[in-house]
Amino acid sequence: GRLSEWIFSPGSLLNPLHKKNKEQAPPVLLLPINVFGSNKTMSSSNNKSRMWKTPFTVAFRCRLPIISAPMAGLSGGLLAARVCKTGGLGMIAAGHFQDISKLEKEIQIFQEEMKNIPATGTTTDYRSHSQHQSADLSIGFIGFSALSTPNGWKDYEYILKHHRPKAVQFFAPSIIHQPNDGLSNVQLAHEYNTQFIAQVGSISEAKEAIRHKVDAIICQGSEAGGHGLRRELGSSTMALASQVSKMTSIPVLAAGGIVNGKHLASALCVCDGASMGTRFWASKESIGNPKLQQELIKDNSCDDVVRTTMFDQIQNKLSSIMWPHPYHSVGALRNQTSLEWEGKTAQELQNAIDKTELLDEYKSAQKASDPRVVCILSGEGVGEIDHIEGAYDVTLRIEKEAIDSINRLQTLCN
């Protein structure tokens with residue numbers, strides 16, 4: 001099963017291993033020590049050689065239960081490769097997938113970087129050095145736009161056939177069918193032996209993903225940065241991940257507000273891993289705007305993040321691709337624009353768009369990368385990020401922090 005074999009504290013009368021039963025679990029503190037394959041307190045040193053054992057790491061042949069989210073315009077080949085080198089699952093963002101050549105350029109960067117894995121290996125211990133160069137390739141797509149045309153489906157199949165990614169991730173929506181009752185994006189991936197990850201924001205979306213036999217489900221809570229369900233339609237990260245994990249034996253990961261090892265340890269109490277976006281947006285390898293990136297490491301807190309439809313209402317007027325309902329909502333840092341329109345109606349904003357210079361001013365601010373005006377995507381965990389650093393070091397530190405947190409929990413019931 002999932003991270004569902006737990007061991008009770010030494011003083012428990014119900015010792016030793018117990019498979020978690022959602023209906024009959026006794027009211028005793030359960031300790032997830034078996035994620036390391038041992039009931040001993042684990043040292044956080046030499047963590048690159050440690051194997052984590054959760055349903056996600058087993059199913060996806062990863063060392064760590066960590067995904068770096070495929071953020072459009074932010075997650076390129078170098079970032080994905082650096083995360084893969086630690087043993088996590090680093091993902092390249094195909095985004096709206098309007099230009100296949102851009103994606104293939106990032107795939108090439110990924111493959112070149114993966115050639116530089118040290119001979120001792122720092123990812124996993126079950127594949128050869130040469131296999132790592134392409135075997136970990138994983139790509140994320142935005143569903144409503146990436147597969148909106150026959151050419152989109154053709155390019156999707158081309159990527160599956162010629163690049164043979166280990167996994168693909170879809171979101172907004174996660175499940176799509178070809179016209180005239182054709183194959184789904186899940187079925188097409190499976191035809192090429194590619195694992196399929198569905199990112200969902202609600203129980204109803206999760207049920208659909210389960211029906212389509214996806215290989216993993218990412219539960220994106222309303223604390224997340226970037227696009228997601230409107231707040232009134234979504235749920236919090238841990239509540240959603242916990243409830244979906246009860247519904248299925250498919251690996252489930254949490255996403256939203258997770259930026260460090262303490263958060264990862266919390267996620268592992270309810271599901272099988274975590275997908276992180278904002279933490280890797282604030283990395284040296286991110287291909288996002290460096291001026292806007294600096295806003296992530298200022299004196300922020302969770303109070304400085306808002307989930308709103310306001311930015312999409314403006315940006316949809318300036319973009320050739322419009323985010324549709326119910327995904328036209330972003331987690332972003334508060335700024336002058338959000339403060340001006342927060343609490344006002346969509347109609348009031350529309351009147352300003354139609355009758356004032358608001359669009360021209362916003363477009364100028366985009367060109368100038370003015371953080372006071374433009375949307376800066378961010379999740380609620382941003383307040384615990386204080387500097388920009390390499391993704392490799394970020395990931396290994398998250399692992400160390402998670403181990404320290406799990407070890408601390410074990411001391412609480414002795």
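## Exercises: backbone, strand and helix packing

Arg164 sits in the loop that links helix H6 (150-163) to E8. The model is predicted, so local features need pLDDT of at least 70 and side-chain atom pairs pLDDT 80 or more, while totals for chains, interfaces and linings use all residues. Residues count from 1 along each chain as its sequence is written, and side-chain values use heavy atoms, without hydrogens and water. Helices (H or I, at least four residues) and strands (E, at least two) are DSSP runs, numbered from the N terminus.

**Exercise 1.** Find the sign of phi at Arg164 and at Ala172, then state whether each residue is buried or exposed.

*Solution.*
- Start with the background: most residues other than glycine have a negative phi, and most peptide bonds are trans.
- Arg164 is not a glycine, yet its phi is positive, about 45 degrees.
- Ala172 is not a glycine either, and its phi is positive at about 65 degrees.
- Apply the cut-offs: buried is under 20% relative accessible area, exposed is over 50%, and partly exposed lies in between (1.4 Å probe, protein chains only).
- Arg164, at 44%, is partly exposed.
- Ala172, at 1%, is buried.

**Exercise 2.** Locate the cis peptide bonds that precede Pro173 and Pro326.

*Solution.*
- The bond from Ala172 to Pro173 is cis, with omega near -10 degrees.
- Pro173 lies in the loop between strand E8 (167-171) and helix H7 (185-191).
- The bond joining His325 and Pro326 is cis, with omega about 5 degrees.
- Pro326 lies in the loop between helix H13 (310-315) and strand E15 (330-333).

**Exercise 3.** Describe the cover of strand E9 and its pairing with E8.

*Solution.*
- In E9 (residues 195-200), six of six residues are buried.
- One side carries Gln195, Ile197 and Gln199; the other carries Phe196, Ala198 and Val200.
- E8 and E9 run parallel, joined by four bridges; strands pair if DSSP finds at least two bridges between them.
- Gln169 has Ile197 of E9 as its bridge partner.

**Exercise 4.** Classify the packing of H10 on H17.

*Solution.*
- Two packed helices are described by the angle between their axes and the distance between the axes.
- H10 (residues 261-268) and H17 (residues 391-411) pack at about 60 degrees, with axes 7 Å apart. Axes are lines fitted to C-alpha atoms over the stretch in contact, and angles run from 0 to 180 degrees between N-to-C directions.
- H10 is therefore oblique to H17: under 35 degrees is roughly parallel, over 145 roughly antiparallel, 65 to 115 roughly perpendicular, the rest oblique.
- Contact (heavy atoms within 4.5 Å) involves Gly261, Lys262, Leu264 and Ala265 of H10 with Ile398, Glu401, Ala402, Ser405 and Ile406 of H17.
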